[in-house]
Amino acid sequence: MLSNGTTIKIKDTSPPGHIRTPKYIRGKTGVIERCVGVFENPEQLAYSLNANSYSLYRVRFKMTELWADYEKNSNDTLDAEVFEHWIEEI
Amino acid sequence: MPHDHPNHDHDHDHLSPSGHPYRQDNDEPLTYWQLMEISVRELMIEKGKFSAPEINQQIDLMDSRSPADGAAVVARAWVDPDFKQRLLKNGASAAEEMGFEIGPMHLVVVENTLNSHNLVVCTLCSCYPRNLLGLPPDWYKTKEYRSRAVKEPRAVLTEFGVSLPESTVVRVHDSTADMRYLVLPLRPESTAEMSEVELRKLVSRDSMIGTGVIQET
């Protein structure tokens, strides 16, 4: 399990089907804000498949990392929930 | 005016006796998805998965929830520091202490401070803490709010009438999976003497989404 504060990167892939990792955070670097538990993978649940259970993390990104033209307070952040199989340690 | 003469000017044909225009009947052809929902519902009832009264009970339960529930949780957190700590640590179990069922979703409560402001959005659809706030407002589900809240939150906040100093850190929370988010708004300093019951009335729905703040009284 990844500890809070670990710097990570979101995988930059676009697999077909139902995914919950929004495009705007793929390939971006953030830090683990907290692990919120283990949940069944919605990518499989969406098709009534037997789902693997994965750790779910809240990942915090700087707005300036997500948006090149973000102007205001450079400390502004965005948190999103990301399943472990989308996360790469760096 | 009632239609009591035959050769009248037809302009007021569309007005009711009270002088207001008649409204169109509220009947429109079913959309594809409405038809799908009715078909699936009737099939499930036929197969005995649940009954029609059970569906109505669930709809009544959903309609009975309102921002007043979330406001009660916020007011408790303002007056009871121990409760607030439990709420920030585990939102669902703290809300359940007050008798609010949170259901299978987890609740993350994010606290506004003098230096930081939280805003909640669901870019993928319309995830919302329904068990504490009831149904989401229509704008929460619009593509415009969902796309702009994560990209230009300060511009969105300004349009909601919330102007933050540039030094205030904005933290946006995108509900992409199993968490639901409730903002714990900043308690106005002028409310120091107010009781928990009085405080509840000040807490607006938008202040718990983050698109509003509670003004000093």
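Begin in chain B of this predicted model by selecting B:Val73, B:Arg76 and B:Ala77, which lie in helix α3(B) and meet B:Phe83, B:Lys84 and B:Leu87 of helix α4(B). Sorted by class, the residues of this contact are four nonpolar, no polar and two charged.

Now widen the selection to the two helices themselves, residues 67-79 for α3 and residues 81-89 for α4 of chain B, and look along their axes, which come within 5 Å and cross at roughly 125°. The angle falls in the range that makes α3(B) and α4(B) oblique to each other, and the crossing of the two helices is left-handed.

**Chain A as a whole**

Next, show chain A alone, where the secondary structure comes to two helices and five strands. Followed from the N terminus, the elements of chain A run β-β-α-β-α-β-β. Taken along the principal axes, the box filled by the C-alpha atoms of chain A is roughly 45 × 30 × 20 Å. If you colour the chain by burial, 27% of the 90 residues of chain A count as buried. For the contacts in chain A between residues at least 6 apart in sequence, 56% join residues at least 24 apart.

**The sheet, strand by strand**

With both chains back in view, select the strands in the order β5(A)-β1(A)-β2(A)-β3(A)-β4(A)-β3(B)-β2(B), and you have an open sheet of seven strands with mixed pairing. At its edges stand β5 of chain A (87-89) and β2 of chain B (116-121), each with a single partner strand, so one side of each is left without a neighbour in the sheet. Direction ignored, neighbouring strands of this sheet are turned against each other by 35° on average.

Within chain A, start at β2(A), residues 29-40, which pairs in the antiparallel sense with β3(A) over eight bridges. Two places to click on here are A:Val31, which stands opposite A:Arg60 in β3(A), and A:Gly37, whose bridge partner in β3(A) is A:Leu56.

Move on to β3(A) itself, residues 53-62, which pairs with β4(A), again in the antiparallel sense, over seven bridges. To find the register of this pair, select A:Tyr57, which stands opposite A:Val82 in β4(A).

**Strand β4 of chain A**

Is β4(A) mostly covered or mostly open? Seven of the seven residues of β4(A) are buried, and the strand is thus mostly covered. Show the side chains and you will see that A:Thr77, A:Asp79, A:Glu81 and A:Phe83 point one way from β4(A), while A:Leu78, A:Ala80 and A:Val82 point the other way. This fits a common pattern, for in a regular strand the side chains alternate between the two faces of the sheet.

**Where the sheet passes from chain A to chain B**

Keep β4(A), residues 77-83, selected and add β3(B), with which β4(A) pairs in the parallel sense over four bridges. Along this pair, the bridge partner of A:Asp79 in β3(B) is B:His173, and A:Ala80 stands opposite B:Asp174, also in β3(B).

Then select the whole contact between the chains, which takes 18 residues from chain B and 17 residues from chain A. On the side of chain B that touches chain A, the elements that give two or more residues are α7 (143-151) and β3 (169-174) of chain B. The largest share of that side, six residues, comes from β3(B). By class, the side of chain B that touches chain A holds seven nonpolar, five polar and six charged residues.

**Last stop: the helix on the sheet**

Finish with α7(B), which packs on the sheet and touches β4 of chain A together with β2 and β3 of chain B. Turn the view until both α7(B) and β2(B) lie in the plane of the screen, and compare their directions, which make an angle of about 150°.

Terms used
Residues are numbered from 1 along each chain as its sequence is written. Chains are lettered from A and ligands numbered from 1 in the order in which they are written. This is a predicted model: local features need pLDDT of at least 70, side-chain atom pairs count only at pLDDT 80 or more; totals for chains, interfaces and linings use all residues. Axes are lines fitted to C-alpha atoms, for helices over the stretch in contact, and angles run from 0 to 180 degrees between N-to-C directions. Angles under 35 degrees count as roughly parallel, over 145 as roughly antiparallel, 65 to 115 as roughly perpendicular and the rest as oblique. A crossing is left-handed if the near helix is turned anticlockwise from the far one by less than a right angle, and right-handed if clockwise. Two residues are in contact if their C-beta atoms, placed from the backbone, lie within 7 Å. Ala, Val, Leu, Ile, Met, Phe, Trp, Tyr, Cys and Pro count as nonpolar, Asp, Glu, Lys and Arg as charged, and the others, Gly among them, as polar. Two strands pair if DSSP finds at least two bridges between them. A residue is buried if 20 or more other C-beta atoms lie within 10 Å of its own, exposed if 12 or fewer, and partly exposed in between; C-beta atoms are placed from the backbone.
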